[in-house]
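I opened the model to go through it piece by piece. My notes follow the display.

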Amino acid sequence: MRKLLALGLVGGLLAVGAQGVMADENAELVIDGKTFVTKLKAPADSPFDEILSGWRFRTDETQALQLDDFENPAMISAQYGEELWNTADGADGKSCADCHGDASESMKGLRAQMPKWHEGKKTLFALEDHINWSREEHQKAKPWKWESQEMVAMTAYIGLQSRGMPVNVKIDGPAQEWWEKGKELYYTRVGQLDMACSHCHENNYGNMVRADHLSQGQINGFPVYRLKWQGMGSIHRRFKGCMDNIRATPYKRGSDEFTALELYLASRGQGLSVETPALRN
Amino acid sequence: MRIVVTTALALLIGVSGANAGAMKPGEVKIVDGAVATPLTDQAGDPEKGRQWFLGRKLGNCLACHVNSDMAKEPYHGEVGPPLDGVADRWTPAELRAILVNSKEALSPDTIMPSFYRDSGFNRVAEQFAGKTILTAQQVEDVIAYLTTLKEK
C-alpha cells in the first residue's frame, strides 16, 4: 500500500512537471476584457526573436490566477497601497492623495517608464526611489525600507495605474551610462556556479532547469506575488534570489548595480504590457 | 560535550583522509581536452557518484541534464545535452576535464559550472569562497558513475 502511494506521488509529480512544459502556447492574458501584450516581435537590435512575458512561461493553473483580480493575491497588496495613498503620514501630515489626487490619473504611465533619470537628484530612480524621495520631500516622512510591506504595496498600487500600458523606458541621455552598466552586469559571470544572467535567460529560456521553466527574465509584472515566496516581492528581491542560486554575493536592494540592471532588463521588454501586480511561481 | 569533540575529530580525520593524495585544483592541467591522471589515489565509486550526481547541493547534474538511468526521479533539466550514452562519446580523461573546468575543456561560453575550481570567480558568496563545488574524490566518483552510462 505504501509502495502504491509512493508510486502515485511520483506519478503526480511527473504530471506536474509535464504540465509546466506543456502550458498552452496560444493562451492570452485577458483581464476585464482587455488583452495584454505578452508576446511581440523583437526589434532588430534585440537579442531575442520574440519578446515574451514571464506569464507565458507559467503553468495553465498559475496563468489563470492572474486573469481574475479576485483570485490574484497580488491585488490585496495593491489595495493596501491604495489605503496608504489616502493616509496622511510624516511631519507635514499629508497623504499622497493630498498632492497627487486621483492616482488613476496622476500616476498613469509612471511604472511603464521606470527606472527613470531624476533631474533633481541627478541619478537613476527606480519607482521605490521615487516614492521615498516624495515621502521625504513632500511629506517629511521617513523613507520606507525597500522590501517593506508598505513599499511593495505602494509600488503595486502605483504600478497598477499603468497596467496594460506598454513598457517604455528611456535609455538615452543621462540614462545611457546606467543602461550600459546594466548591460555589462547582465553579461558578467558571477558566483561559484560562474553564470551570467544571459546563460539562463537569453540562451536557455524555454528550457527546464529541474522543475523551473526558464523565462526571459522580463520584469513587466513587478512587484509580483510569487507562489514560492507566498507573498509579494520587488524586482530587486528577485535579482537577489538569482544571485543566491548561483552562489554569488548579491548586490543590495536599491543599489546602483540593481537599478542599472533593472533599466537594462526593462529595455529588453519594451512594448510588453505592464502587468503589475502580476503573479508568478 | 565528549560526543561533540569526538565527532569534530572524526570529521577532521575524515576530511584530511579524503584529501590525502588529492590533486589541488590549481595543479590540474587540461591537455588536449583531457586530464589523464585521476585527481585522487582512490578509484571512483559509481554508486556514490550517482548520489553526487543527484544531490542538489552537490553535482545537481539532473538540474540541467536528462538521464534515463534516473527515469524514476522527477524534473530532469533541458539545459545541457542528455547524458544517455555519455560514456560512448567521451573517455574518462575527457569527462574529468569537462567536470574540472568546462570553460577550458568545452567552450569559454558554456553555461556549465566548473566543479573542481576554487579561484578565478567573481563575487562568490562568502560561504563558498575558495572552495570547489565537488571534492576531488567526488569528481572521481561522478566520472566512475558516468562511465556506466553506455548505449552501445
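I looked up confidence in this predicted model. Chain B averages a pLDDT of 90 (the predictor's confidence in each residue, from 0 to 100), and 87% of its residues score at least 70. I noted residues 5-17 of chain B, where pLDDT stays under 50 and the model has zero contacts (heavy atoms within 4.5 Å) beyond four places in sequence. Where pLDDT is low, the predicted coordinates should not be read in detail. For the complex, the predictor gives an ipTM of 0.87 and a pTM of 0.90.

Conventions: residues are numbered from 1 along each chain as written, chains are lettered from A and ligands numbered from 1 in written order. Local features need pLDDT of at least 70, side-chain atom pairs count only at pLDDT 80 or more, totals for chains, interfaces and linings use all residues, and side-chain values use heavy atoms, with hydrogens and water left out.

Next I checked helix H6 (residues 127-139) of chain A; helices are DSSP runs of H or I, at least four residues, and strands are runs of E, at least two, numbered from the N terminus. How far apart are its end C-alpha atoms? They are 17 Å apart, which agrees with the 18 Å that 13 residues should span at 1.5 Å a residue (1.5 Å times one less than the number of residues). Buried residues (under 20% relative accessible area, 1.4 Å probe, protein chains only) of H6(A) include Leu127(A), Ile131(A) and Arg135(A). Their cover includes helix H7 (149-160) and helix H11 (256-268) of chain A. Just after H6(A), I found Lys140(A) with a positive phi of about 50 degrees.

Definitions and conventions:
Buried < 20%, exposed > 50% of the residue type's maximum accessible area, 1.4 Å probe, protein only.
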